Amino acid sequence: MKSSLTKLCWPVLKFFETGIESANYKKSHRVALNVLGSLFIVLSFGAAWAALASGGLGGFIPVVVFFGLGVVAVIVGTLGSSRAVSKIWGTK
């Protein structure tokens with residue numbers, strides 16, 4: 001299942017998988033990335049609710065941004081290698 005999801009999400013993972021292996025990778029970085037991604041997805045739903053309540057179309061820009069960031073973070077956190085997690089955190 002994980003290999004098929006990795007193939008499906010390869011366009012996102014390809015950007016973060018390049019480079020050298022980081023020596024500063026910790027398992028807590030992956031956990032924090034998954035938690036942060038989940039919080040961004042929840043925030044996007046809250047922003048969508050607020051945008052619908054206000055009736056303005058400009059309120060959907062944060063929805064798209066927060067949802068996109070959250071999905072990328074969860075994909076890299078669950079399917080990415082330690083190199084990808086280190087690269088998204090910027091650890092050298």
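**Helix faces and aromatic pairs in a predicted five-helix model**

In helix α2, which spans residues 10–17, the buried residues (under 20% relative accessible area with a 1.4 Å probe, counting protein chains only) are Leu13, Phe16 and Glu17. These residues lie on the same side of α2, because they cover an arc of only 95° around the axis, the arc being that of the directions from the helix axis to the C-beta atoms. The face turned away from the buried side of α2 carries Pro11 and Phe15, which are exposed, a term that stands for over 50% relative accessible area, with partly exposed in between. Cover for the buried residues of α2 comes from elements including α1 (2–8), α4 and α5, and the helix is followed by Gly19, whose phi is positive, near 110°.

The model is predicted, so that local features need pLDDT of at least 70 and side-chain atom pairs count only at pLDDT 80 or more, whereas totals for chains, interfaces and linings use all residues. Residues are numbered from 1 along each chain as its sequence is written, and side-chain values use heavy atoms, with hydrogens and water left out.

The secondary structure consists of five helices and zero strands, where helices (H or I, at least four residues) and strands (E, at least two) are DSSP runs numbered from the N terminus. Of the 92 residues of the protein, 28% count as buried. Helix α3, formed by the 28 residues 27–54, reaches 41 Å from its first C-alpha to its last, close to the 40 Å expected at 1.5 Å a residue, the expected span being 1.5 Å times one less than the number of residues. Its buried residues include Leu33, Gly37, Ile41 and Ser44, and what covers the buried residues of α3 includes α4 (60–79) and α5 (82–89).

Three aromatic pairs are found in the whole structure, a pair being rings of Phe, Tyr or Trp (its six-membered ring) with centres within 6.5 Å, stacked if the planes are under 30 degrees apart, edge-to-face if over 60 and tilted otherwise. The rings of Phe15 and Phe16 form an edge-to-face pair, because their centres are 5.0 Å apart and their planes stand at 85°. Phe15 is exposed, with a relative accessible area of 56%, whereas Phe16 is buried, at 13%. The rings of Phe45 and Phe67, with centres 6.3 Å apart and planes at 55°, make a tilted pair; this pair links distant parts of the chain, Phe45 in helix α3 and Phe67 in helix α4 being 22 residues apart.

Definitions and conventions. Contact = heavy atoms within 4.5 Å.
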